[in-house]
Amino acid sequence: MSDRVAIVGVGTTPLRTLSPDQSYREMTFAAASRAYADAGVSHRDVDSFVSVCEDFHEGTSITDEYVPDQLGAVLRPVQTIAGDGLAGVATALMLIRSGIAAVVAVEAHAKTSNILRHDQVLEMGLDPVYERPLRLNPHYVAAMDMRRYLHDSGRSEAAVADVVVENRRRALHNPIAAYGAVLTPADVMASAPISDPLRELEVSPYADGAVVLVLAGEDAAAAAPRPVWIRGIGWISESSPLAMRDWGAAAYAALAADMAYRMADLSDPAREIAFAEVDDTYAYKQWQHIDAARLAPGGGASRVVVNPSGGSLGMGYCYDASALYRTAEAVRQIRGEAGRNQVPDATTGLVISWRGIPTQTGGALVLGDH
Amino acid sequence: MARGTPRVIDAPPRGLLRGRGLRDEEFRRKVSVTPWAPALEYGWDAGLAIGRFLDGLQDGRIFGVRCRQCGRIVTPPRAFCELDFKPMDEWVELSDTGTVNTFSICYVTWDMKPLKRPQIPAVIEIDGTSPRVGFLHLLGGVPGRTVEAIRAEISVGMPVRAVWKKPRDRTGAITDILHFAPSGRRR
Amino acid sequence: MNPDLHAGGARVWRGTMPVEFLYTAGAAGERFFDTLRRRDVFAVTRCEACNLTYLPPRLYCERCFDDLSATWHEVPPVGRVHTFTVVRIDGTGRPLQIPEIVAYVRIDGTDGGMVGRLLQVAPDDVSIDMPVRAVLAPRRKRRGIIADLLGFARRR
Amino acid sequence: MTGKIRRRVAVVGAGMSMFVRRALETGRELSYYAAHQALESAGVRLADIGAVTMATAPDAFDGVHMKGEWLLDGAGGARKPYLRAYVGGGSGVFSIISGWTMVASGLFDLVLVVAEEKMSSCQPHPQGAFLTIFDHTIERPLGPNLLWIFSLEQQRYMQTYGIRNEDIALVSVKNKRNALDHPAAQVAANLTVADVLASDVVAWPVHRLMVSPISDGAAAIVLASETVARRLTDHPVWVQGVGWALDTSYWGNRDLSYPRYVEVAARMAYEMAGVTEPRKQIHLAEPYDPFAYKELHHLEGLQLADKGKAPEDLAAGRFDRTGELPVCPSGGLMGVGNPIAAAGLMKLCELFWQLRGEAGARQVAGNPERGVAQAWGDLMQIGTVAVLGVH
């Protein structure tokens, strides 16, 4: 057993709008091969495997059936977390701390281009009796949350557009990002309205990809070339019905961040954290999550660098795999491997995740170089 | 046990036991029920290995792959050996004959409607692969409808041969093989 | 021996998940819809310990797990717009001919509310905190499902 | 096992809803019934619970995408760290493994474990959800159903060892009879082997009465760290060992006559529990029995019977509630019902009651000190095993 747990290997495939040359199995095999090589382990060195996936994203019921082969995990302890990517990381951390495993792989992949009706899938997440029969494009849930958030926080629609411009620009320098672009705030404001006040360019575009992380306890991590330590983790769910929720606020993210900060012993996150990869599935969510994670005390600009990777707006959105992609990007920052997007003195980083509409589930992960 | 009969049993779970079972009639007519019929549509990328497998089927051929490390020859093809975790890219054309590993005689459809003629699903070990390697398909060309009649014709270990669709009807699908039929060959 | 892979040769297999569903409203929902159908009011449950009134009603308090199955109350179907949107595209992304105004309405006397269409109002006339009342289907047409609630209209 | 287990974990409470064919209640309400009862029996409040783990099988049963999110308030997960750990039909027994991990890691002292399934929402028949468990490209076009894989596996098992269908039918008879003593049971009955074999052949060699029913229901347990468990009860039931293993998804490339995934999972759990001679050291078993032959198949994988010999042991009465190794004294899935994940956790509830000597009409004799529960699922692929004991 080990109290200290590190991420010792990351493997990603470049995010792409389409990926017809590879099956999900082949894509995941590529990511796993990279992660194991990065960690300096073989598939036989991994004690336990965690996949993160949901049936309707795959078009397969009991989709966890199809996990083991491409991870080299046949006849090994494999479980699936039907949840957020960071819930998968938390599961791996708990497996290691319990003493039942020393090295754990966490996997997620998304073939979003294979889902022909995203709206139908998202709609299936709404309460079937009270909410779904309205038959509306499900983005409306985010739009209503956005309106209430702008109303309560006083942040402007222009500030939301700035998020899009900045994240797409940073993605130009991220080799695995699918949506790097030079845009202006006027481009964003002029994009088609989806559901007021939400505009088309404020919604992260879908992408395909696979990501694998390798986690290890202290002894096993000592042998790894470049461990990045998990200093704190939190994950929280609030109930998903639209009726009793806290519209306009990301209480799940605030609670998850508090849990992670407690574990990491951070009292002033805005000063102690150098950069953050926060969920930006919808551009306004970036601000909401910055507020929830207390990165912008007083409600102004964030004091830490947010989404140097380009975020989901710039990299592409891949459902529950998004949080693991962002974790992989945070690991690269702390290792100093982020190229032109490298944040100076990136010794402590934060990841904030969200499961998308209609959920109120998110996670927080504090990573550090020691 | 008659439905709804209260049973007094001295065993756990003790205390208030809740959950009200509805009769079919109540469910369909008496209680509030909301219907939903989603359009859950997908276009799954076949990828390299299964893509080539489907190409082969369209061509009337069954392909497998061989692992350079462990030497196993398997089908359906895959781009990696799941045991050795190495790329598996040595392609092998297999024969379209095989052996019945196991079979069943199924009298219902996937949504539990009765079938007039039973389906005979089977795992077929394809000739030329490593032992006990095959895939799911159907057996056909067998007269009779009863379990007895069909079991008189089919047994585990029996040699079979693929019965293909006409070339022009093939689309690159597992159903390009209509079924496997007894080949009459003795092993 | 190796079949060639051509750029145009990538195969995609099309398919569906051919499932349909019938959902019961549940023990609490049954009472909610029956009450709405017969008496034009919302049935709610209340947790005294947590000072929370659940709408839609729940059999339990999610905070303290108290059993709320004997805590029924009724409230008039009136409230205020807590947030709203104007939906401009359909599920496939095509622009809607007539945009739909949808609101989450906090129902007075509860901690919950309902999502519903705003009726008989122009987008520019909607604002947060606007008072509204439920518009129900004619009694003989009600079926004991959420479609009995046609939406909300401005309350003066 | 790679090292020392950090800390011990105990079961301190258990609860269930009724198992029924078609429930009025929503899945959230069923979850609440079970979770509330488990908390009451443990004497703890929801506020004391540090985290919640939920087990529930495919979204296509309940008909809600990400259904773990939808169910969470009924499971007590609101505003808490919450997981939905998923291994298909193996999820019910895996749920205690997920909860064990949470407590053993030191992150949480009290964890609520809930399992729920509402299969009846799925139309026209819940079996429809099973069409989509098969490979979308190379299997689904053949129109497969769940009965195919069971009947193919049963046939391979029978063929390999020369087992007769009469021997397998006896599992249905035993379990449906055991379930007569279970207050939550859905399909308890007094039947004979002749009755089972006289029922329709749905997919030879499988007869209708060899198949567990479609069910709605929920089950729950409360797990505690050692310190907290000792404060709560004088009779904690310890999670002595856990194990799980997922075999290849290329199921046509495997020998179906023997569940090696169960063996690997069992060996992992036994090693952790210090069980070296399972047939002596395990006093009762709740193997997964969604189809009659599966109980026998799994007993062999669990090393509680020789390969191909479980049917003989069954016929000799060894697995009766009064036998040398009572098997499925609850009545199992064949008798109590099969709301998939909830059925697996029901088996752990049974071990909890049996090992505390509280099983009443179902109590097995001889003060059992250790039991094993096991579930199975996916494409005949996953084994999940938990060993519970009083020491």
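# A tour around chain D and into chain A

Select strand β2 (residues 20–24) of chain C together with β5(D): the two pair in the antiparallel sense over two bridges. Remember as you look around that this is a predicted model. To see one of the residue pairs up close, pick C:E20, whose bridge partner in β5(D) is D:Q123.

Now add a strand from chain B. With β1(B) shown, you have an open sheet of three strands in the order β1(B)-β2(C)-β5(D), paired antiparallel. The edges are held by β1 (33–36) of chain B and β5 (122–123) of chain D; each has a single partner strand, so one side of each is left without a neighbour in the sheet.

**Next stop: chain D against chain A**

Colour chains D and A separately and bring up the residues in contact. You should have 64 residues from chain D and 62 residues from chain A. Together the two chains bury about 5,300 Å², and 59% of that lies on carbon and sulfur atoms. Which three residues give the most on the side of chain D? Select D:H65, D:R79 and D:Y86: they supply 14% of the area that chain D buries against chain A, more than any other three residues.

Stay with D:R79 for a moment. This arginine forms a salt bridge with A:E238, and their closest N and O atoms are 3.0 Å apart. Between chain D and chain A the count is five salt bridges. If you turn on polar contacts, the interface of these two chains has 30 residue pairs, with both residues at pLDDT 80 or more.

To find your way by secondary structure, display the elements of chain D that give two or more residues to the side touching chain A: α2 (59–62), α3 (67–71), β3 (82–86), α4 (91–104), α5 (127–131), β9 (237–246) and α10 (260–273). Colouring this side by class gives 36 nonpolar, 13 polar and 15 charged residues.

Zoom in on β3(D) here. Strand β3 (residues 78–81) of chain A is joined to β3(D) by two bridges, and the strands run antiparallel. D:Y86, which you selected a moment ago, stands opposite A:T80.

**Turning to chain B**

Hide chain A and show chain B instead. Here 63 residues of chain D are in contact with 59 residues of chain B. The pair buries about 5,400 Å² between them, 64% of it on carbon and sulfur atoms. In chain D, select D:R22, D:L142 and D:W204; these lose the most area to chain B, together 14% of what that side buries.

Start with D:R22. What is its salt-bridge partner in chain B? Look for B:D24, where the closest N and O atoms of the pair are 3.0 Å apart. Across this interface there are two salt bridges, along with 22 residue pairs in polar contact, both residues at pLDDT 80 or more.

The elements of chain D to display now are α1 (27–42), α5, α6 (146–161) and β6 (201–204), each of which supplies at least two residues of the side that touches chain B. Highlight α6(D), which gives the most to this side, with seven residues. By class, the side of chain D that touches chain B has 33 nonpolar, 20 polar and ten charged residues.

Then move to D:W204 in β6(D), which stands opposite B:I105. The strands behind this pair are β7 (residues 105–108) of chain B and β6(D), antiparallel over two bridges.

**Last stop: inside chain A**

Bring chain A back and select strand β1 (residues 5–12). Is it buried or exposed? The strand is mostly covered, with eight of its eight residues buried. Show the strands that pair with β1(A). Strand β7 (residues 208–217) of chain A is joined to β1(A) by seven bridges and runs antiparallel to it; here A:V10 has A:L213 as its bridge partner. Strand β8 (residues 228–238) of chain A also pairs with β1(A) in the antiparallel sense, over three bridges, and there A:V5 is partnered by A:I230.

Finish with helix α11 (residues 283–292) of chain A. Nine of its ten residues are buried, so the helix is largely enclosed by the rest of the structure. Among the buried residues to click through are A:Y284, A:K285, A:W287, A:H289 and A:I290. Step just past the end of α11(A) and you reach A:R294, which takes a positive phi of about 60 degrees.

Conventions
Residues numbered from 1 in each chain as written. Chains lettered and ligands numbered in written order. Predicted model: local features only at pLDDT ≥ 70, side-chain atom pairs only at ≥ 80, totals over all residues. Heavy atoms only, no water. Contact = heavy atoms within 4.5 Å. Buried area = accessible area lost by both parts, 1.4 Å probe. Salt bridge = Lys/Arg side-chain N within 4 Å of Asp/Glu carboxyl O. Polar contact = N/O pair within 3.5 Å; in protein donor to acceptor, adjacent residues only side chain to side chain. Helix = DSSP H or I, 4+ residues; strand = E, 2+ residues; numbered from the N terminus. Nonpolar A, V, L, I, M, F, W, Y, C, P; charged D, E, K, R; others polar. Pairing = 2+ DSSP bridges. Buried < 20%, exposed > 50% of the residue type's maximum accessible area, 1.4 Å probe, protein only.
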